[in-house]
Amino acid sequence: MITLIIGGSGSGKSAYAEQVVMDFGDRDRIYIATMFPFDEESRRRIDRHRRMRAEKNFTTIECYTGLKTVEIPEGACVLLECMSNLTANEMFREDGAKEDTVSEILEGIRKVDAQAEQLVIVTNEIFSDGIDYDAETTRYQAYLGEMNREIAKLAARVTEVVYGIPLVRKG
């Protein structure tokens, strides 16, 4: 079963997603980390997220591209964080899917979902600022928006986290 959690930066979506996984009970917990540590800020964010889940018995799998190649223990609860990083990696990294980003990631989600008991996916709400961006950023937004819509269709539950408050949108 897929649970999609969406929210803006600093909304509390990561902490909420971890709690959702914890609430599934005592099962194998897999954290698929998608943020590539390309600068000091990203290393700090990765460190903060590792500290947040340190006592929660997650096994971390680093996956910057190629989600469809990840092998998950059957019956595990998986937290995939997050779609915005995975999308950027697939679009812009040398080993990424480039213009096939959407189909590659959705194929990976379906494969992970087929292996896992529960799949919790974190994504960002980046569409409400009303700013016009350059062509590459607009294409990134289009890809992420398309994936968010498709994942929401696949998901049994969709929750938006706003200021730390989970708002159930589906399920």
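Biologist: Which residue's side chain meets R50 in a salt bridge?

Modeller: In this predicted model, R50 sits in helix 2, and its partner lies twelve residues away in strand 3, so the pair links distant parts of the chain. The two side chains meet at 3.0 Å, N to O, and the partner of R50 is E62.

Biologist: Nice! Is E62 buried, partly exposed or exposed?

Modeller: Buried would mean under 20% relative accessible area, and exposed would mean over 50%. E62 has a relative accessible area of 35%, so the right word is partly exposed.

Biologist: How far apart, N to O, are R43 and E40 in their salt bridge?

Modeller: Both residues belong to helix 2 (residues 40-52), and being three residues apart there separates them by about one helical turn. R43 is partly exposed at 41% relative accessibility, and E40 is partly exposed too, at 45%. Their side chains meet at a distance of 3.6 Å.

Biologist: Which helix holds both R139 and E136?

Modeller: These two side chains also form a salt bridge, at 2.9 Å, N to O. R139 is partly exposed at 26% relative accessibility, and E136 is partly exposed at 37%. They are three residues apart, about one turn, within helix 5.

Biologist: How many salt bridges does a search of the whole structure find?

Modeller: Besides pairs, there is a network of salt bridges that links K68, E104 and E107. Searching the whole structure gives a total of twelve.

Biologist: Let's turn to the sheet. Which strands stand at its edges?

Modeller: Seven strands form an open sheet with mixed pairing, in the order 3-2-4-5-1-6-7. An edge strand has a single partner strand, so one side of it is left without a neighbour in the sheet. That describes strand 3 (58-62) and strand 7 (165-170).

Biologist: In strand 3, which residue is the bridge partner of I30?

Modeller: Strands of a sheet pair through backbone hydrogen bonds, either parallel or antiparallel. Strand 2 (residues 29-33) and strand 3 pair in the parallel sense, over five bridges. In strand 3, the partner of I30 is T59.

Biologist: At about what angle does helix 1 run to strand 5?

Modeller: Helix 1 (residues 13-23) lies across several strands, among them strand 1 (2-7), strand 4 (77-81) and strand 6 (157-162). Strand 5 (118-124) is another of them, and helix 1 runs to strand 5 at about 175°.

Notes. Residues numbered from 1 in each chain as written. Predicted model: local features only at pLDDT ≥ 70, side-chain atom pairs only at ≥ 80, totals over all residues. Heavy atoms only, no water. Pairing = 2+ DSSP bridges. Helix = DSSP H or I, 4+ residues; strand = E, 2+ residues; numbered from the N terminus. Contact = heavy atoms within 4.5 Å. Axes fitted to C-alpha atoms, helices over the stretch in contact; angles between N-to-C directions. Salt bridge = Lys/Arg side-chain N within 4 Å of Asp/Glu carboxyl O. Buried < 20%, exposed > 50% of the residue type's maximum accessible area, 1.4 Å probe, protein only.
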